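Ready for a few exercises on a protein model? Try each task on your own before you read its solution.

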Amino acid sequence: MKSLEELRELRSKVQKDLEMRSNSERPKIIIGMGTCGIAAGARKILKAVMKEIDKRGLDVIVTQTGCIGMCEKEPLLDVKMPGKDRVTYGNLTPADVKMIIVEHVINGNVVEDLAIARFDEGGN
């Protein structure tokens with residue numbers, strides 16, 4: 001960083017990127033990668049997600065976050081479909097990932113047996 005102007009340009013670019021992510025019309029998968037998640041197998045879940053998305057050629061945003069706060073339910077994965085509640089899945093195995101992607105991401109049906117929480121993005 002050489003000048004204040006460069007810093008302002010970088011800030012503007014980052015704000016636009018964040019705005020695009022939050023207003024995206026694409027499905028989003030969020031994987032809890034805190035130390036508790038990693039210890040419980042979150043890396044295997046992330047690899048399984050990436051493999052299924054690549055295999056099916058899906059246009060999905062995949063992000064990682066820290067501890068989601070339900071450590072006893074790790075590994076955790078959230079699915080946020082455009083205009084729908086955010087659904088948290090827990091106690092996952094890599095085999096569960098395929099079912100979640102097919103049923104929830106592709107067909108729009110929550111996998112009730114694996115879902116442990118739902119969040120209204122509006123804060124309800």
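**Exercise 1: The central strand pairings**

β1 and β3 are joined by four bridges and run antiparallel. This is a predicted model, in which local features need pLDDT of at least 70 and side-chain atom pairs count only at pLDDT 80 or more, while totals for chains, interfaces and linings use all residues. Residues are numbered from 1 along each chain as its sequence is written, and side-chain values use heavy atoms, with hydrogens and water left out.

Task: find the residues that stand opposite Ile31 in β2 and in β3.

Solution:
- Step 1. Settle the terms: strands (E, at least two residues) and helices (H or I, at least four) are DSSP runs, numbered from the N terminus. Two strands pair if DSSP finds at least two bridges between them.
- Step 2. Look towards β3, where Leu77 stands opposite Ile31.
- Step 3. Turn to β2, which runs parallel to β1 and is joined to it by five bridges. Here Gln64 stands opposite Ile31, and Thr63 is the bridge partner of Ile30.

**Exercise 2: The whole sheet**

Task: work out the order of the strands in the sheet, and say which strands lie at its edges.

Solution:
- Step 1. Count the elements: the protein chain has four helices and five strands. From the N terminus on, they run α-β-α-α-β-β-β-α-β.
- Step 2. Lay the strands side by side. The sheet is open, with mixed pairing and the order β2-β1-β3-β4-β5.
- Step 3. Pick out the edges: β2 (61-65) and β5 (115-119) each pair on one side only.
- Step 4. Check the twist. Neighbouring strands are turned by 20° against each other on average, direction ignored; axes are lines fitted to C-alpha atoms, for helices over the stretch in contact, and angles run from 0 to 180 degrees between N-to-C directions.
- Step 5. Add the helices, taking contact as heavy atoms within 4.5 Å. α3 packs on the sheet, touching β1, β2 and β3, and its direction makes about 160° with that of β1. α4 also packs on the sheet; it touches β1, β3 and β4, and its direction makes about 20° with that of β3.

**Exercise 3: The core**

Task: decide which element gives the largest share of the largest nonpolar core.

Solution:
- Step 1. Define buried as under 20% relative accessible area, exposed as over 50% and partly exposed as in between (1.4 Å probe, protein chains only). A nonpolar core is a set of buried Ala, Val, Leu, Ile, Met, Phe, Trp, Tyr and Cys residues joined through side-chain atoms within 4.5 Å.
- Step 2. Find the best-connected members. Of the 22 residues in this core, Ile29, Ile31, Val49, Leu77, Val79, Tyr89 and Ile100 touch the most other members.
- Step 3. List the elements that give two or more residues: β1 (28-32), α3 (42-56), β3 (77-80), β4 (86-89) and α4 (94-106). The largest share, six residues, comes from α3.
- Step 4. Look at β1 once more: four of its five residues are buried, so β1 is largely enclosed by the rest of the structure.

**Exercise 4: Two cysteines**

Task: explain why Cys71 forms no bond with Cys67.

Solution:
- Step 1. Recall that a disulfide is a pair of cysteine sulfur atoms within 2.5 Å.
- Step 2. Compare the distance: the sulfur of Cys71 is 3.5 Å from that of Cys67, the closest cysteine sulfur, and this is too far for a bond.
- Step 3. Conclude that the structure holds zero disulfides.
- Step 4. Check exposure: Cys67 is partly exposed at 45% relative accessible area, and Cys71 is partly exposed at 39%.
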